Every structure is written in structure tokens, then in C-alpha cells.
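Subject: Structure for your review

Dear colleague,

Please find below the sequence and structure that I am handing over to you. My findings follow directly after it.

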Amino acid sequence: MPPACDALSGVPPSLVFYAARNILSPSFIIGQIPDLLNLLTAIETFRRFAVLKSGEALEWQKYYEHEKSHGRAEDVRFLATSEVRALRRYLEEKDAQRGEYIVLVRSLIQLYIHYLWTAPESCLLPRRLNDFFPGSFHGTHKPSELLFHVDLSGDEKEYFERLKVECQEWMNLVAEWESRREETCQDVGLSQEDVVGSFANDFHVTFPQPSKPSEMARNVEIYMNKVEDMIRKLEQWFSPSSEI
């Protein structure tokens with residue numbers, strides 16, 4: 001299995017799906033997005049492993065068909081046409097599903113940074129920025145606690161590097177807005193208590209969420225359902241001894 005989830009080796013996929021859904025529903029707990037990201041990375045690792053085994057199964061099917069054509073492999077159970085079709089679809093869709101996962105990670109990062117700006121645990125922002133973009137921000141040089149970095153391709157690393165720049169630019173805009181807002185509040189004679197008390201509302205009016213949490217949760221669920229269905233079918237078609 002790919003290295004991203006060595007810490008979760010031996011954990012049943014059903015338990016990972018269960019933990020992820022506990023974050024997504026009945027109400028999406030945005031503050032647990034870092035945990036959700038690690039669970040999604042585990043699920044993506046399950047998907048990649050399933051795709052790998054799907055390819056191997058098709059290769060064995062081809063091999064035994066050749067053997068049978070020469071009067072050998074008479075006792076081998078061959079895949080049904082519907083099974084072959086499904087396995088080929090998993091291979092054909094692997095790049096698109098990888099893209100879905102990468103976009104979900106990006107969107108979750110953006111939603112979480114926005115959330116953290118006014119959250120009670122806003123002091124975690126430097127630590128979380130380092131988790132999302134290791135070593136990119138002054139004073140934060142600890143290894144990331146997030147697993148999604150481990151298996152990124154070169155293009156995907158560049159993708160998240162661009163996201164880092166976008167987040168930096170967004171945070172600069174917020175900082176500039178905060179300075180202007182404080183000056184305006186002083187000019188109109190608002191008390192410090194009023195300035196602080198109205199900050200969260202003013203922030204959300206000026207900087208809307210990058211995505212609706214309900215839509216984000218639905219998109220994550222759609223992705224998980226695809227992977228879960230793939231795993232369930234492979235487990236039905238192949239015995240545990242096949243290591244799928």
C-alpha cells in the first residue's frame with residue numbers, strides 16, 4: 001500500500017469512513033478539517049491500492065485466458081464480463097478521481113483558514129499554516145501533521161504552492177482590511193468592546209466563506225461513496241487471500 005497511511009495500516013476502511021462521516025454529519029464540524037484531511041488521505045490511499053489491484057486482476061485475467069486457449073488453466077474462475085467492465089472503469093477513472101481528491105483537499109484548506117480567522121482557536125493559525133504549507137511561514141518549521149503531502153506528484157506540489165501564494169495574498173487583504181476597519185471605528189468613536197464584538201460579523205460580510213459547508217460536505221461524501229463502492233465490490237469479487 002502507498003506510504004501515506006503507514007500510521008493507519010491495519011485499520012479497516014469501514015472505520016475510516018465512519019470517522020470521516022462523523023465529522024461531516026449531522027452537521028459539518030469545520031474545526032475538525034485537519035482530522036478530516038488525514039482521513040481523506042487514508043481513503044485516497046485505499047482507492048489507489050484498489051486501482052492497483054484492479055489492474056493486477058485484469059492482467060491475471062488476460063494471462064489465464066491465454067492459458068485456457070492452449071488447453072491449460074481449466075480450473076480457474078474467470079471474471080464475469082460485468083466485473084471486467086467495472087475494473088476497466090476503475091482504471092480509466094483513476095486520474096479523474098485523483099483530481100477530485102486534490103480539489104477537495106484544496107477547498108477544505110481554504111474553508112478552514114477562513115474559519116480559523118474568527119474561531120475561538122484562532123491562535124492555531126500559524127501551526128495550521130505550517131501543516132498546510134510546511135516551512136513556508138516565518139517561525140514555523142515543524143514537520144506537517146497532515147498526510148496529504150506524502151504522495152503528491154510534482155504537478156500537485158506546484159498546485160499547492162500556487163494555493164499557498166493565493167492564501168498569502170488573501171491574508172494580506174484581510175490584514176489591510178483590519179487596519180482600515182480599526183481606523184474607521186476609532187474615527188466614529190466606537191468603544192473597543194464594540195469594535196471587538198462586531199468583528200466576526202463584519203469579517204464574514206466582507207469575506208464570505210470560499211464554499212458553503214453543506215456543499216463541501218456533500219462533495220466529500222460523493223467522493224467517499226465512489227471509493228467505498230469500489231472497495232465493497234472488490235471485496236465481494238475476490239477472497240481475502242487475493243490481498244485486494
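In helix α5, the buried residues are Leu125, Arg128, Leu129, Asn130, Asp131 and Phe132. The helix is thus mostly covered, with 6 of its 8 residues buried. Please bear in mind that this is a predicted model.

Helix α5 (residues 125-132) is also one of the elements that give two or more residues to the largest nonpolar core. The others are α1 (13-24), α2 (33-69), α4 (94-116), α6 (154-187), α8 (199-206) and α9. Helix α4 provides the largest share of this core, 10 residues. The core has 50 residues, and those that touch the most other members are Phe28, Leu40, Ile43, Leu108, Ile109 and Met224. As background, nonpolar side chains tend to be buried together in soluble globular proteins.

What does Met224 touch, leaving aside its neighbours within four places in sequence? Its contacts are Phe17, Ala20, Arg21, Leu24, Leu40 and Ile43. Apart from the largest core lies another core, of 13 residues, which includes Leu79, Val84, Ala86 and Trp237.

Two helix pairs involving α9 deserve your attention.

The first pair is α4 and α9. Their axes are 11 Å apart, and the helices pack at an angle of about 150°. Because angles over 145 degrees count as roughly antiparallel, α4 is roughly antiparallel to α9. The crossing of α4 past α9 is left-handed. On the α4 side, the residues that meet α9 are Gln97, Glu100, Tyr101, Leu104, Ser107, Leu108 and Leu111. Their partners in α9 are Pro213, Met216, Asn219, Val220, Tyr223, Lys226 and Met230. Sorted by class, this contact has 9 nonpolar, 3 polar and 2 charged residues.

Is Gln97, which lies in helix α4, buried or exposed? With a relative accessible area of 7%, Gln97 is buried, because the cut-off for a buried residue is under 20%. Beyond its neighbours within four places in sequence, Gln97 is in contact with Arg47, Tyr223, Lys226 and Met230.

The second pair is α3 (residues 81-92) and α9 (residues 213-237), whose axes come within 12 Å and cross at roughly 140°. These two helices are therefore oblique to each other. Here too, the crossing of α3 past α9 is left-handed. Glu83, Ala86, Leu87, Arg89 and Tyr90 of α3 make the contact with Met230, Lys233, Leu234 and Trp237 of α9. By class, this contact has 6 nonpolar, no polar and 3 charged residues.

Yours sincerely

Definitions and conventions
Residues are numbered from 1 along each chain as its sequence is written. This is a predicted model: local features need pLDDT of at least 70, side-chain atom pairs count only at pLDDT 80 or more; totals for chains, interfaces and linings use all residues. Side-chain values use heavy atoms; hydrogens and water are left out. Axes are lines fitted to C-alpha atoms, for helices over the stretch in contact, and angles run from 0 to 180 degrees between N-to-C directions. Helices (H or I, at least four residues) and strands (E, at least two) are DSSP runs, numbered from the N terminus. Angles under 35 degrees count as roughly parallel, over 145 as roughly antiparallel, 65 to 115 as roughly perpendicular and the rest as oblique. A crossing is left-handed if the near helix is turned anticlockwise from the far one by less than a right angle, and right-handed if clockwise. Contact means heavy atoms within 4.5 Å. Ala, Val, Leu, Ile, Met, Phe, Trp, Tyr, Cys and Pro count as nonpolar, Asp, Glu, Lys and Arg as charged, and the others, Gly among them, as polar. A nonpolar core is a set of buried Ala, Val, Leu, Ile, Met, Phe, Trp, Tyr and Cys residues joined through side-chain atoms within 4.5 Å. Buried means under 20% relative accessible area, exposed over 50%, partly exposed in between (1.4 Å probe, protein chains only).
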